[in-house]
Amino acid sequence: MRSTRWKAASRAAIALAGAGALAAGMALFVTAPASAGTTLGASAAEKGRYFGTAVAGFKLSDSAYTTILNREFNSVTAENEMKMNATEPQQNQFSYGAADQIVNHARSRGMSVRGHTLAWHSQQPGWMESMSGSALRQAMLNHVTQVATHFRGRVVAWDVVNEAFADGSSGGRRDSNLQRTGNDWIEAAFRAARAADPGAKLCYNDYNTDNWTHAKTQGVYNMVRDFKARGVPIDCVGFQSHFNNDSPYVSNYRTTLSSFAALGVDVQITELDIQGASANTYRSVVEDCLAVARCNGITVWGIRDSDSWRASQTPLLFNNNGSKKPAYDAVLAALNNGTTPTDPPTDPPTDPPTDPPTDPPTTPPPGPGGCTATVSVNQWTGGFVANVRVTAGSSALSGWTVTIALPSGATVTNAWSANRSGNTGTTNWTNVAYNGQVGAGQSTEYGFQANGTAGSLSPTCSAR
Ligand code: XIL
């Protein structure tokens, strides 16, 4: 089953679950207790989301850099190390050392990895830049296949194709050597990626697609709608969201995110930076993501201003000396006080279900007052992440318990957005303070990471 869910990493998740239980006990007079996250990653995980950053491999030896990285973030994107020129510098000679170093740094600390990027007109190796026609198409597909295969099981989402649409008013494709191999190059890349790594979410990623009224935004939207209609394997759309004076944040950004989500894809903010780092603008971006149920994560494009590709714009959350900027405080506060995934979705009711329609339910439909739980697993050699979706029946829930029997050899190592009892054999999971109230027919999610092999898990759910 192709059903990787977002791995909200959780170095702090057990602490969070404890904090949630504490908050539950104090929740008599407040309907929405404030969450207690103290880092970007932990606070995002409380909302069922990740908070990531671009990482430059050569900075992993800078302890000021890694201190912030390891403390604050639970998702990582290689800033340059997975691009075509880095991974296939000579045709058919693949080079993964720098990327593997970043992936290992991230995964050994419980952070998930976004893959960036398999096919792009820019940062191509020289040999590819000078290719055309069917030889180029073949070389591109080989690249997608080889690279996605190398990272299979270690990358939760790939930017399969990056920046394929033109700026300006045309709403059409950007001219490039890849585009000139035929308009179907994008779907061919997605199909190759799916075949190579069926467990990864496959994203289209672009910039200047934030303003709902822009032709470029509409062009990408129409492509995604067409892909969904024709069964081209696409799971997500990345919004780079490099905001600056020429391409500012606009208040219809939330409409853009929710409109794409309504097509049946996840949306992510993949390369966020904001010229001047206005705290208010950062807050708005976070609130917009939290307001869209399928906006499942935010990545900032670097840690300190000095790490930014646009350092002179001071667009990031940390000063050059590593101290938190006002924008950091605004983001953390927005993550802690924003709406939760259990709130009524802002997506139009025409939203298709999150799970592919071909997914058989793992439990029968609930009666009145009951609930169901389904689980999706991202397995790798020796471990897995399980994301569990709890769905209320025809009545609202005011609390829930999920029971999952783990096969022998499987041991839970950490968890998020639920209280746990047991880490082997029969495990019981109950809601934390902020996700016990689930409206009739609505869902919430929690997750856990475990050693061993998941096999097929059959969760049961009961109201409490
Ligand atoms: C940028 C990197 O940050 C720079 O280090 C590099 O020199 C150029 O690329 N859109 C993308 C990213 O998808 O890959 C780009 O990253 C920024 C714009």
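With which residue does Arg137 form a salt bridge, and how far apart are the closest N and O atoms? In this predicted model, the partner of Arg137 is Asp184, and the closest N and O atoms of the pair are 2.6 Å apart. Because Arg137 belongs to helix H7 (residues 133-150) whereas Asp184 sits in the loop between strand S4 (157-162) and helix H8 (185-196), the salt bridge ties together parts that are 47 residues apart in sequence. The two ends have their own exposure classes: Arg137 is buried, with a relative accessible area of 13%, while Asp184 is partly exposed, at 37%.

**Salt bridges**

The chain holds 19 salt bridges in total, and three of them are listed here with the separation of their closest N and O atoms.

| Salt bridge | Closest N and O atoms |
|---|---|
| Arg137 and Asp184 | 2.6 Å |
| Asp307 and Arg304 | 2.9 Å |
| Arg389 and Glu445 | 3.2 Å |

In the pair of Asp307 and Arg304, Asp307 counts as buried at 5% relative accessibility, and Arg304 likewise counts as buried at 8%. Both residues also take part in a network of salt bridges that links them with Lys59 and Asp62.

The salt bridge between Arg389 and Glu445 links distant parts of the chain, since Arg389 lies in strand S11 (residues 383-392) and Glu445 in strand S16 (residues 443-451), 56 residues apart. Glu445 is partly exposed, with a relative accessible area of 24%.

**Surroundings of the ligand**

The ligand is surrounded by 13 residues, of which the closest are Glu79, Lys83, His116, Glu271 and Trp301. By residue class, this shell divides into three nonpolar, six polar and four charged residues. A polar side-chain atom of Glu79 lies 2.5 Å from an oxygen atom of the ligand, and for Lys83 the corresponding distance from a polar side-chain atom to a ligand oxygen is 2.7 Å. In the side chain of Glu271, an N or O atom is 2.8 Å from an oxygen atom of the ligand. The protein covers 79% of the 410 Å² of accessible area that the ligand has on its own.

**The chain as a whole**

The secondary structure comprises 12 helices and 17 strands, and 59% of the 464 residues of the chain count as buried. Among contacts in the chain with a separation of 6 or more, 76% are accounted for by residues 24 or more positions apart. The chain exposes about 17100 Å², and carbon and sulfur atoms supply 52% of that area.

Technical notes:
Residues are numbered from 1 along each chain as its sequence is written. This is a predicted model: local features need pLDDT of at least 70, side-chain atom pairs count only at pLDDT 80 or more; totals for chains, interfaces and linings use all residues. Side-chain values use heavy atoms; hydrogens and water are left out. A residue is near a molecule or strand if one of its heavy atoms lies within 4 Å of it. A polar contact is a pair of N or O atoms within 3.5 Å; within protein, one must be able to donate a hydrogen and the other to accept it, and residues adjacent in sequence count only if both atoms are side-chain atoms. Accessible areas come from the Shrake-Rupley method with a 1.4 Å probe; for residues, only the protein chains shown count as cover. Ala, Val, Leu, Ile, Met, Phe, Trp, Tyr, Cys and Pro count as nonpolar, Asp, Glu, Lys and Arg as charged, and the others, Gly among them, as polar. Helices (H or I, at least four residues) and strands (E, at least two) are DSSP runs, numbered from the N terminus. Buried means under 20% relative accessible area, exposed over 50%, partly exposed in between (1.4 Å probe, protein chains only). Contact means heavy atoms within 4.5 Å. A salt bridge is a side-chain nitrogen of Lys or Arg within 4 Å of a carboxyl oxygen of Asp or Glu.
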